[in-house]
Amino acid sequence: MTKFPWKTTLAVAAVLAATVYAFAQMSPGGPMGMHGQMQSGMNDSMAEMHRQMMQGQGSAGMHEHMGQGMHQNMHQGMQGGMHGRQSGSLGAPTMPGQDAFGTIQEIVQILQADPATDWSKVNIAALRQHLIDMNEVTLHAAAAERVLDNGIEITVTGEGRTLEAIKRMVPAHVSELREIGWEAKSDDLPNGVKLTVTASETHPLTMLKALGFMGIMVQGGHHQPHHLMMAKGEFPMH
Ligand SMILES: [Cu+2]
């Protein structure tokens with residue numbers, strides 16, 4: 001399975017963070033209080049762009065000015081980091097109904113706003129199957145955690161559609177973990193997968209115990225870029 005260049009994602013995020021920081025510095029009153037600074041420091045077009053992003057309606061114009069990865073990271077950064085979900089100041093609803101529905105909606109909007117989208121390759125059904133996998137693993141998989149002397153061993157099991165999802169997602173996530181410096185491995189079981197993570201200086205045993213199965217599964221920021229790649233038909237399905 002090929003790896004997404006996560007360093008690129010980090011680099012884009014770093015550039016964005018630097019931009020936001022510079023922005024905060026420019027506005028009056030010093031660097032404290034990012035939210036207020038962002039609002040008061042914005043000129044009209046920036047505020048408009050921000051409003052559109054909060055509503056998940058990035059305009060085609062925005063896409064001309066920034067790459068998709070940048071747009072995606074900025075969108076996530078603003079929604080999650082600085083404002084949360086308190087953006088309905090115009091009284092217009094923003095919630096898509098379901099998280100998977102909203103994820104697909106956002107991806108479809110990105111694809112439709114990009115004139116370079118190759119519609120002969122687009123595969124929204126594949127993304128949907130992956131989001132079902134994520135749902136199964138997050139909500140329905142059973143995870144039995146056992147603390148070892150130097151790490152944690154998690155037996156992840158399920159049946160039917162849940163089992164299929166576990167077999168796809170957990171080993172794939174182990175590859176991602178190793179890529180970002182974790183010592184992890186997976187072993188196939190008849191009814192699931194055994195996930196073993198070894199403690200290290202950066203990931204001590206106390207942290208591993210506290211994180212548990214889901215805390216370990218959410219490590220890394222690879223899902224967002226992978227979802228776009230899946231939808232574009234560029235991601236070999238695991
Ligand atoms: Cu995902």
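This passage describes the fold, the copper site, a helix pair and one buried strand residue of a predicted model. Residues are numbered from 1 along each chain as its sequence is written, and side-chain values use heavy atoms, with hydrogens and water left out. Because the model is predicted, local features need pLDDT of at least 70 and side-chain atom pairs count only at pLDDT 80 or more, whereas totals for chains, interfaces and linings use all residues.

The chain has ten helices and four strands, where helices (H or I, at least four residues) and strands (E, at least two) are DSSP runs numbered from the N terminus. In order from the N terminus, the elements run α-α-α-α-α-α-α-β-β-α-β-β-α-α. Of the 238 residues in the chain, 37% are buried (buried, under 20% relative accessible area; exposed, over 50%; partly exposed, in between; 1.4 Å probe, protein chains only). Contacts (heavy atoms within 4.5 Å) between residues at least 6 apart in sequence join residues at least 24 apart in 62% of cases.

The copper ion has four protein donors, His130 (NE2), Met134 (SD), His223 (ND1) and His227 (NE2), at 1.9 to 2.4 Å. Donors are N, O and S atoms within 2.8 Å of the metal (3.2 Å for Na, K and Ca); water is not among the atoms, so sites may look incomplete. The angles among the four donor atoms are 96 to 126°, and the site is tetrahedral (four donors with all angles between 85 and 135 degrees). Along the chain the donors follow the spacing H-x3-M-x88-H-x3-H. Distant parts of the chain are linked by Met134 in helix H7 (residues 124–140) and His223 in helix H10 (residues 223–231), 89 residues apart. Met134 is partly exposed, with a relative accessible area of 22%, whereas His223 is buried at 17%.

Helix H10 also packs against helix H6 (residues 99–113), at an angle of about 60° and with the axes 10 Å apart. Axes are lines fitted to C-alpha atoms, for helices over the stretch in contact, and angles run from 0 to 180 degrees between N-to-C directions. H6 and H10 are therefore oblique to each other; angles under 35 degrees count as roughly parallel, over 145 as roughly antiparallel, 65 to 115 as roughly perpendicular and the rest as oblique. The contact involves Thr103, Ile107, Ile110 and Leu111 of H6 and His227, Leu228 and Ala231 of H10. His227 is also one of the copper donors.

Val193 lies in strand S4 (residues 192–198) and is buried, at 1% relative accessibility. Leaving aside residues up to four places away in sequence, Val193 touches residues including Ile154, Val156, Ile166 and Val170.

Technical notes. Tetrahedral: all angles 85-135°; square planar, octahedral: opposite > 155°, others 65-115°.
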